[in-house]
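Q: Please take a close look at a single part of the model shown below. I would like a connected account of that part, followed by its setting in the rest of the chain.

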Amino acid sequence: MKKTILTFGPISAAMMAGMYVVFCLARGSGNILLSQILTYTGAVVLFLMLFLGIKSYRDHAPGRFIRFGKAFQVGIYISVVTSLCSAIIWMILYEPVFKGFMDQHTATLMEKLNTSGASVAEIAAKKEEILNHAGLYENPIYRAGIIFIQGFPVEAIMTVIAAFVLKKRQA
């Protein structure tokens, strides 16, 4: 199980790192549609890696049988490794590649907020929340935590689906 997890987790993280770069470049160009397409593509790639990791473990298991619990365990461990590697990769790339990401993200949120039609009080409260988050994001520990937990719930749902599809009971 360890070999499967330490193979598919980093591969998935490396693919996500590539998606980070392309996503940020697309977002920087102002092409929101392309960045949204890339986000969904990243989710599909992530699901594919979880699916292939669980399948690989099942195919190498004695008798090629795997119960839901074991399949889920393999998928969750792959997800943890993927999230951990993704956070590390983001932290490494943040300064040289993504330094202006949070400023751009904050500006985009502020622009959307200003054109939302919300009341002045709601806009002021939301702006304060956005600026507070931007300030916290400059803390490397907070940033790493956000990146780690950002994708994990989606990965957990994908793991449940893949484990359910790939489970096999002994005849």
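A: Glu 129 has a relative accessibility of 48%, which makes this residue partly exposed (buried is under 20% relative accessible area, exposed is over 50%, and partly exposed lies in between, with a 1.4 Å probe and protein chains only). The model is predicted, so local features need pLDDT of at least 70 and side-chain atom pairs pLDDT 80 or more, while totals for chains, interfaces and linings use all residues. Residues are numbered from 1 along each chain as its sequence is written, and side-chain values use heavy atoms, without hydrogens or water.

The side chain of Glu 129 forms a salt bridge with that of Lys 126, at 3.3 Å from N to O (a side-chain nitrogen of Lys or Arg within 4 Å of a carboxyl oxygen of Asp or Glu). Lys 126 is likewise partly exposed, with 36% relative accessibility. Both residues belong to helix α5, where a spacing of 3 residues separates them by about one helical turn (helices are DSSP runs of H or I with at least four residues, strands are runs of E with at least two, and numbering starts at the N terminus).

Helix α5 comprises 18 residues, 120–137, and its end C-alpha atoms lie 26 Å apart, in agreement with the 26 Å expected at 1.5 Å a residue (1.5 Å times one less than the number of residues). Its buried residues are Ile 123, Ile 130, Ala 134 and Tyr 137. Because these four cover an arc of only 60 degrees around the axis, they fall on the same side of α5 (the arc uses directions from the helix axis to the C-beta atoms). The cover over them includes α3 (68–94), α4 (101–114) and α6 (140–166). On the face turned away from this buried side, α5 carries the exposed residues Ala 121 and Glu 128.

The pair in α5 is one of 3 salt bridges held by the structure. In helix α2 (residues 32–60), Lys 55 and Asp 59 are 4 residues apart, which again places about one helical turn between them. Their side chains meet in a salt bridge of 2.7 Å, N to O. Asp 59 also pairs with the side chain of Arg 58, at 3.4 Å from N to O, and Lys 55, Arg 58 and Asp 59 are thereby linked in a salt-bridge network. Within this network, Lys 55 is partly exposed at 29% relative accessibility, and Asp 59 is partly exposed at 22%. Arg 58, at 9%, counts as buried.

The setting is an all-helical chain, with 6 helices and 0 strands, read along the sequence as α-α-α-α-α-α. Its C-alpha trace spans about 65 × 35 × 30 Å along the principal axes, and 35% of the 171 residues count as buried. One buried position outside α5 is Ser 12, with a relative accessible area of 1%; Ser 12 sits in helix α1 (residues 2–28). Apart from neighbours within four places in sequence, Ser 12 is in contact with Leu 46, Met 49 and Thr 82 (heavy atoms within 4.5 Å). Across the protein chain, 77% of contacts between residues at least 6 apart in sequence join residues at least 24 apart.
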